[in-house]
Amino acid sequence: MIDPLSAVVFYLVFLFSTVVHEAAHAWTALRGGDPTAYHRGQVSLDPRPHIRREPFGMVLLPLLSLAASGWIFGYASAPYDPRWAEAHPKRAAVMSLAGPASNLLLVLAAWLFIRGGAHLGWLAPPMSIGFDRIVEAPGGGVAGIIALVLSVIFSLNLLLAVFNLIPFPPLDGSGVLPVLLPDRVMRAYRSLLAGRPGLAWIGIIGAWLIFDRIFPPIWLGAVNLLYPGAWYG
């Protein structure tokens with residue numbers, strides 16, 4: 001069972017990271033000529049328009065999963081015009097990649113704060129690592145809470161970036177396929193997906209099966225890059 005403090009941190013980091021992810025999609029689409037998400041209020045770091053669009057995925061499911069399993073599950077979305085995406089596949093691909101890219105920027109921000117805190121002696125590498133234990137505070141107290149927040153930001157955003165880059169629909173990685181595949185193949189791909197929302201769940205399940213294999217070594221590699229000269233395995 002997850003302790004209350006960790007549960008609060010996990011949810012708040014999930015909410016913030018998801019809002020940043022969807023706002024990045026919406027802002028990039030607006031810059032590329034599609035104002036659909038902008039008109040829904042999603043070019044914003046205010047969580048309210050994002051929650052209004054997906055209240056189950058952003059509030060109920062994350063809280064229920066935390067209470068039931070100690071792990072957080074959830075989802076969000078930003079609308080776009082499919083006619084715009086078909087007319088401008090490169091712009092749509094950039095829009096798709098903007099979400100994971102924003103999560104990687106949050107990983108980098110956490111990396112910089114962890115390195116800065118370690119340099120000042122406020123934070124230190126842990127004896128053993130975990131998803132929510134990337135760094136620790138020797139003095140505990142408020143610094144310990146900061147270490148927990150930075151650890152969760154680092155790990156959860158790396159998870160969001162890697163998972164969403166898997167090129168299975170409806171994940172963001174599949175948005176790059178129109179740029180990579182021939183037109184004939186893409187027409188067949190769109191025809192297959194049209195009117196078959198159940199295929200999205202197949203894509204998500206398939207992505208989780210792959211994710212369990214690819215994420216642990218990526219996460220360990222990122223942690224070891226955070227602490228040059230150390231080795232966690």
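Let's start with helix H7, which is mostly covered: of its 24 residues, 17 are buried. Buried here means under 20% relative accessible area. Keep in mind as you look around that this is a predicted model.

H7 takes in residues 141-164. From its first C-alpha to its last, the helix reaches 35 Å, close to the 34 Å expected at 1.5 Å a residue. If you follow the helix along with your eye, a general point is handy. An α-helix has 3.6 residues a turn, so residues three or four places apart point the same way.

Now step back to the whole chain. How many helices and strands are there in the chain? There are 10 helices and zero strands. Reading from the N terminus on, you meet the elements in the order α-α-α-α-α-α-α-α-α-α. The chain's radius of gyration is 19 Å, close to the 17 Å that the globule rule gives for 233 residues, so the chain is as compact as a globular protein of that length. Along the principal axes, its C-alpha atoms fill a box of roughly 60 × 35 × 35 Å.

What about the inside? Across the chain, 45% of the 233 residues count as buried. Contacts tell us how parts of the sequence come together: among those between residues at least 6 apart in sequence, 65% join residues at least 24 apart.

Finally, turn to the outside and the charges. The accessible surface of the chain comes to about 12600 Å², and 69% of that belongs to carbon and sulfur atoms. The chain has 15 positive and 12 negative charges, and the mean positions of these two groups are 8 Å apart.

Terms used: Residues are numbered from 1 along each chain as its sequence is written. This is a predicted model: local features need pLDDT of at least 70, side-chain atom pairs count only at pLDDT 80 or more; totals for chains, interfaces and linings use all residues. Side-chain values use heavy atoms; hydrogens and water are left out. Helices (H or I, at least four residues) and strands (E, at least two) are DSSP runs, numbered from the N terminus. The radius of gyration is taken over C-alpha atoms; the globule rule is 2.2 Å times the number of residues to the power 0.38. Buried means under 20% relative accessible area, exposed over 50%, partly exposed in between (1.4 Å probe, protein chains only). Contact means heavy atoms within 4.5 Å. Accessible areas come from the Shrake-Rupley method with a 1.4 Å probe; for residues, only the protein chains shown count as cover. Lys and Arg count as positive and Asp and Glu as negative; His and the chain ends are not counted. The place of a charge is taken as NZ of Lys, CZ of Arg, CG of Asp or CD of Glu. The expected span of a helix is 1.5 Å times one less than its number of residues.
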